[in-house]
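Colleague: I am new to this structure. Please take me through it, one question at a time.

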Amino acid sequence: MELTKTAFIENFKKRLGQKYALDVSDATDSELYDTLCSLVKSSYSAIWRHTWKDYLKENEKQAYYFSIEFLPGKLLKSNLLNMGWYQLVVDAFQELGLDFEKVAAVEPDMALGNGGLGRLAADFMDSLASEGYPVNGNGIRYKYGLFKQRFVNGYQVELPDEWLKTAAGNAWEIRRASKAVTVTMGGHVNLVQENDYLKPVYEDAILIQAVPYDVGMVGYHNQHVNTLRLWSAEIPDEAESQYPTIEDRRQIEDITAVLYPDDSNESGRRLRLKQEYFFVSAGIQSIVRHYKKYHEALDQISQRVAIHINDTHPAMCVAELMRILLDEEHLSWEKAWEQTVKVMSYTNHTIMAEALETWDIPLMNEIQPRILQIIAEIDHRFVTALAGKTDGQLIERTRIISGGKVHMAHLAIIGSHSTNGVAQLHTDLLESDVLHDFYTLYPERFNNKTNGIATRRWLQLANPRLAEVIDQTIGRNWRQDANQLQQLLDHQADSQLLDQLVQVKLANKQRLAKVIKQQTGVTVNPQAIFDVQIKRLHAYKRQLLNLLRIIKLYLDLKENPDLAIVPRVFIFGAKAAPSYHYAKSIIKCINETAALINHDQTIQDKLKVIFLENYGVSLAEQIIPAADVSEQISTASKEASGTSNMKLMLNGALTVATLDGANIEIKEQVGADNIFIFGLTKQEVYQYYQDHSYHSLDYYQQNPLIHRVLNTLVDGTIPNISAEGHEIFDSLTYLNDDYFVLRDFEAYLRIQDQVDETYRDQHKWQQMSLINIANACHFSSDGTVKKYASEIWNVRSVAQKGGV
Ligand code: 26M
């Protein structure tokens, strides 16, 4: 598949002529983009075909990653990189007099996820293909992805994300009508004895056509392309002839219309449950159908198939596979159950109690009565098997159905052979606390898989300048094997390299400064510290702690304009769930504080506060390479892992962190001297929960500094926040500050002083930065998926790695 620039240019011109009857000079960016995608796609489609045919030939065990969210962002550059075409296309475009970056910018972000969980799924897909594993994704093709965020008067406003309506559409998908399956929902079900089994007879059920749209997941230089299969709900052809009403049609098409924003507070939305069953049933049916085409015995399916349940949203996989094995394949309950548990595995992504998913029994019955029957039977057998053998209360606490609800995490754990957390601390907490009862029942099922990130996207693509400096220092092998980045540790004393790091960072900051100017009109100084907090807006992530410190600095500078502080630009990127009132109030307060500070002439360049709109994958790719400081300041024990911490570290930012999630492992890798750790530990947080000795009001009343800073929320110092300021003030004082913001405030100030002091010694700073870059390889998702493959799914790599 060796391609020369000349051949590419020729192909490109030819394809453009065929598709649009245009010359290069007459085509729009959108037409150029579409033509390029079409060339890329036809070039990998032969490999794609071979990849899955080879699986069959070799009788490979395959795994399927079920996730209600995938957040890949843009795919053009990533596909070009992985195919080995990137540089060639950039050069060819230059020769044609075309602006490659402008053309690439035409692609809409594929934003079919909320944040960490969906992005992790996308990084895993990249790594699984790049490591040559036979693992495919299974999810939903939402017509509307995560809402677009705008700020109006400092308030978040949500707009629909019409990603499929852009001129570019989704260039990467292939609609496979021939692979459609029918999903049955609603109605009633009766079990009728037929020969030696019970046959379910459905009444008044709705039949939904599930049509798969496949997206190729291209591996890095390895002739391997996996499939991300996203399902869309349509009216079945048979029903078409029965003249469905507009209302009927809408009922069906609504199922895959919108991605739900992460609203852990809101529950009972029947459409969400329909979405869950829809993609679970479609995915499992298509797996079983495929399996049966090539294998006989369904009682051996666990030897060829593994299914991964990403968070509890796809937990009905357990019941759906049981349904098919029992009702359609007539296996005995025992055999079906044994296979199901062997096939399934589950990842937990949060300990936040309000995010643990439950569904009311009547709702589950309404959406899919047969699935409820099966879940009830699993629950019944679970209770019966344990009765008399263990403490009755433990059984009550762990059973799937209790208090009128179906507990999805219980279903996932009981119905699978593996439950993992996403960082060591998180897994420890699952075992000792959140899922302790299950841990006593099934200790062998629990394991840790610390999250990871795709170094191709987050270093090679997002930060080409840094990538090139690394090439010059240790050669190019790290591009194929991230572990090679550790060789950078041999160059800590290379002052020429450290200078180059300064230049790279500066250039990236200049690039971001342009984006900031364009989006906000604010001019920022690239010589200042770029201090970055980018993640969903959530109380536990404590954007508020960051804001309070900004207010403190502002007050200090107003009091003493000559105060010698290292200039800082505070950069936020965050969406709040539309119904999460408190989070939206924090956004408003940050925006108003930003307006106050940025327009205050006396502050000059010493302090700027920038809240970029519509944070997402593409914006992250601009922000992360430009960051000096990475804010990872969640209340200890609350952030399961975090992954922006890993991306920022990989790009040379230094981390200010609590001992939470993967921050602990980052500290272990870089050493305590190369990270800024502060704040309560998990043990201290839990101690407070136990003895109720935290009284945040005392901190307000007794600490003059905290008093002064909090007052600005309610005394008019920060304008236009009378409602929001009071809401936040009250939460931190009278409502006892659930996330220990005031408790950690002074420790946070102290550690940030240390950041300033370190930054003044640029040699030291760059050395620390280098150590962080080198050690970030421990958090490559290539390594993470290898562990999933060997320790959970038992699948092997089937592709040879190519060159770099
Ligand atoms: C809930 C209800 C309705 C609609 C959506 C949701 C929902 C969606 C996503 C709830 C939670 C969701 O994701 C949780 C999540 O993103 N967790 C994060 O997972 C990352 C990857 O493991 C971790 O790094 C983060 O620490 C963790 O917060």
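Modeller: Two strands pair if DSSP finds at least two bridges between them. Helices (H or I, at least four residues) and strands (E, at least two) are DSSP runs, numbered from the N terminus. This is a predicted model, in which local features need pLDDT of at least 70, side-chain atom pairs count only at pLDDT 80 or more, and totals for chains, interfaces and linings use all residues. Residues are numbered from 1 along each chain as its sequence is written.

Colleague: In what sense do β13 and β14 pair, and over how many bridges?

Modeller: Strand β14 spans residues 344–347. One of the bridges links isoleucine 307 to its partner in β14, methionine 344. The sense of the pairing between β13 and β14 is parallel, and the number of bridges is four.

Colleague: Which residue of β13 is the bridge partner of glutamine 62?

Modeller: Strand β1 (residues 62–66) runs parallel to β13, and five bridges join them. The partner of glutamine 62 in β13 is valine 305.

Colleague: How many residues of β13 are buried?

Modeller: A residue is buried if 20 or more other C-beta atoms lie within 10 Å of its own, exposed if 12 or fewer, and partly exposed in between, with C-beta atoms placed from the backbone. On one side of β13, Val305, Ile307 and Ile309 are buried, and on the other side so are Ala306, His308 and Asn310. The strand, residues 305–310, is therefore largely enclosed by the rest of the structure, and its count of buried residues is six of six.

Colleague: Which strands stand at the edges of the open sheet that holds β17?

Modeller: This sheet has three strands in the order β15-β17-β16, with antiparallel pairing. Each edge strand has a single partner strand, so one side of each is left without a neighbour in the sheet; these strands are β15 (358–360) and β16 (401–402).

Colleague: Within what arc do the buried residues of α28 fall?

Modeller: Helix α28 covers residues 704–711, and its buried residues are Ile706, Val709 and Leu710. They line one face of the helix because, seen down its axis, the directions from the axis to their C-beta atoms fall within an arc of 95°.

Colleague: Which residues are exposed on the other side of α28, and what covers the buried ones?

Modeller: Pro704 and His707 are the exposed residues on that other side. Counting a contact when two C-beta atoms, placed from the backbone, lie within 7 Å, the cover of the buried residues includes α21 (543–559), α27 (696–702), α29 (722–732) and α30 (741–760).
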